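Hi there,

I am handing over the structure we talked about, so that you can look through it yourself. Below it you will find my notes on what turned up.

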Amino acid sequence: MISICIPIYNHYTYPMVRRLARQIASADADSYEIVCIDDHSSGYYISQNKGIAELATYVLLETNVGRARIRNLFLQHAKGEYLLFLDCDSLVPENFVNEYAKTLARKPAVVVGGRVYDDTFNDREHRLRYLYGTKIESRPLLERLKNPYRSFMTNNFMVRRDVLDKIRFDESLTKYGHEDTLFGYRLEQNHIPILHIDNPVINGQVEENAEFLHKSVEAVENLAKLYDDMWEDQRFCHSVRLLNTYNRVRRMNLQGVVYWLYKVFKTPMESHFVSGNGVSLKQFNFYKLGTFIKLLHYNN
């Protein structure tokens with residue numbers, strides 16, 4: 001059985017569940033189930049999503065537990081040998097579930113389907129998220145195959161139950177970001193293969209610039225926490241672009257210079273990112289590097 005697992009937080013997810021239910025109905029229904037866990041959304045979204053209970057196992061959490069722990073919780077509620085995880089804002093194409101089902105004959109440990117972005121969000125209000133998503137996250141199959149572990153993302157993947165039970169997501173990461181980075185690295189450490197397939201979802205909710213900037217800072221905070229625990233693990237540091245850059249800067253003893261430039265230009269950069277005018281990924285990466293150096297060395 002494949003358990004389709006959808007963590008929900010403050011999003012109208014009922015249409016997505018209904019679409020998945022239709023795909024399952026046209027296949028062998030006994031081979032699938034849908035399980036949704038709501039991470040303490042607001043009352044508005046609880047009301048909007050109440051129809052999910054008619055189509056799926058629907059669990060409402062009394063407190064917010066975060067992106068890592070909620071994924072581990074599906075082990076308690078899903079029955080399948082395989083757990084297929086989807087972000088609650090995903091737009092799934094026709095035949096999506098069947099494409100995953102086809103891989104079962106190969107007895108995979110982990111399968112990753114990929115993601116793409118809707119061009120209608122290529123406007124000023126969403127420019128930062130759209131640019132980052134299309135240039136960094138939206139990788140075609142052939143590119144993902146070159147670096148299967150670095151290309152692991154949690155928005156659209158299937159994992160065998162025993163693998164998730166062994167690896168699990170690090171529940172100490174309570175903020176947004178990099179729980180997938182660490183999970184992919186743990187898969188590599190344990191020599192668990194990842195099968196990449198061409199079965200992408202459309203990223204349905206593209207955050208406005210200010211919201212994505214806030215989430216990106218949270219992701220850097222998570223990464224700084226990981227670095228505090230794993231700075232001696234050179235394989236991990238080499239697998240993360242920001243850590244690679246930081247270590248080069250540190251070896252040249254330039255972290256003070258980078259931080260000074262970051263302090264000088266921090267506010268103008270933030271205004272630039274939020275406005276959506278002429279956003280540059282190089283500038284955004286410098287901003288994240290400065291934030292990282294601040295957290296490690298100047299956050300007193």
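In this predicted model, helix H5 (residues 127–137) packs against H9 at an angle of about 55°, with the two axes 7 Å apart. Angles under 35 degrees count as roughly parallel, and 65 to 115 as roughly perpendicular; H5 and H9 are therefore oblique to each other. On the H5 side, the contact is made by Arg127, Leu128, Arg129 and Tyr132, and H9 brings Asn209, Phe212 and Leu213 to it. By class, the contact of H5 with H9 has 4 nonpolar, 1 polar and 2 charged residues.

If you follow H9 further along, you come to another partner. Helix H9 covers residues 209–230, and it packs with helix H11 (residues 241–251) at an angle of about 65°, their axes being 11 Å apart. The crossing of these two helices, H9 and H11, is right-handed. Which residues meet there? From H9 they are Val220, Leu223 and Tyr227, while H11 offers Leu242, Leu243, Tyr246, Asn247 and Arg250. Sorted by class, the contact of H9 with H11 holds 6 nonpolar, 1 polar and 1 charged residues.

H11 in turn leads on to helix H13, which spans residues 281–297; the axes of H11 and H13 come within 10 Å and cross at roughly 65°. H11 and H13 are therefore roughly perpendicular to each other, and H11 passes H13 in a right-handed crossing. Leu242, Leu243, Thr245, Tyr246 and Val249 of H11 make this contact with Lys288, Leu289, Phe292, Ile293, Leu296 and His297 of H13. The residues here divide into 8 nonpolar, 2 polar and 1 charged. You may recognise some names: Leu242, Leu243 and Tyr246 take part in the contact with H13, and they also meet H9.

Now for the empty space inside. How many cavities of 30 Å³ or more does the structure hold? There is 1, and the largest cavity has a volume of about 60 Å³. Its lining is made up of Val112, Gly114, Arg115, Glu137, Arg139, Arg144, Ser151, Met153 and Asn155. Of the residues lining the largest cavity, 2 are nonpolar, 3 polar and 4 charged. To find the place on your screen, you could start from Glu137, one of the lining residues.

Enjoy looking around, and do write back with any questions.

Best wishes

Key. Residues are numbered from 1 along each chain as its sequence is written. This is a predicted model: local features need pLDDT of at least 70, side-chain atom pairs count only at pLDDT 80 or more; totals for chains, interfaces and linings use all residues. Side-chain values use heavy atoms; hydrogens and water are left out. Axes are lines fitted to C-alpha atoms, for helices over the stretch in contact, and angles run from 0 to 180 degrees between N-to-C directions. Helices (H or I, at least four residues) and strands (E, at least two) are DSSP runs, numbered from the N terminus. A crossing is left-handed if the near helix is turned anticlockwise from the far one by less than a right angle, and right-handed if clockwise. Contact means heavy atoms within 4.5 Å. Ala, Val, Leu, Ile, Met, Phe, Trp, Tyr, Cys and Pro count as nonpolar, Asp, Glu, Lys and Arg as charged, and the others, Gly among them, as polar. On a 1 Å grid over the protein atoms alone, a cavity is a set of points where a 1.4 Å probe fits but cannot get out, and a pocket is an open set with protein on both sides within 12 Å along at least five of seven lines; lining residues have an atom within 4 Å of a point. Grid points are joined across faces, edges and corners, and a volume is the space filled by probe spheres set on the points. Angles under 35 degrees count as roughly parallel, over 145 as roughly antiparallel, 65 to 115 as roughly perpendicular and the rest as oblique.
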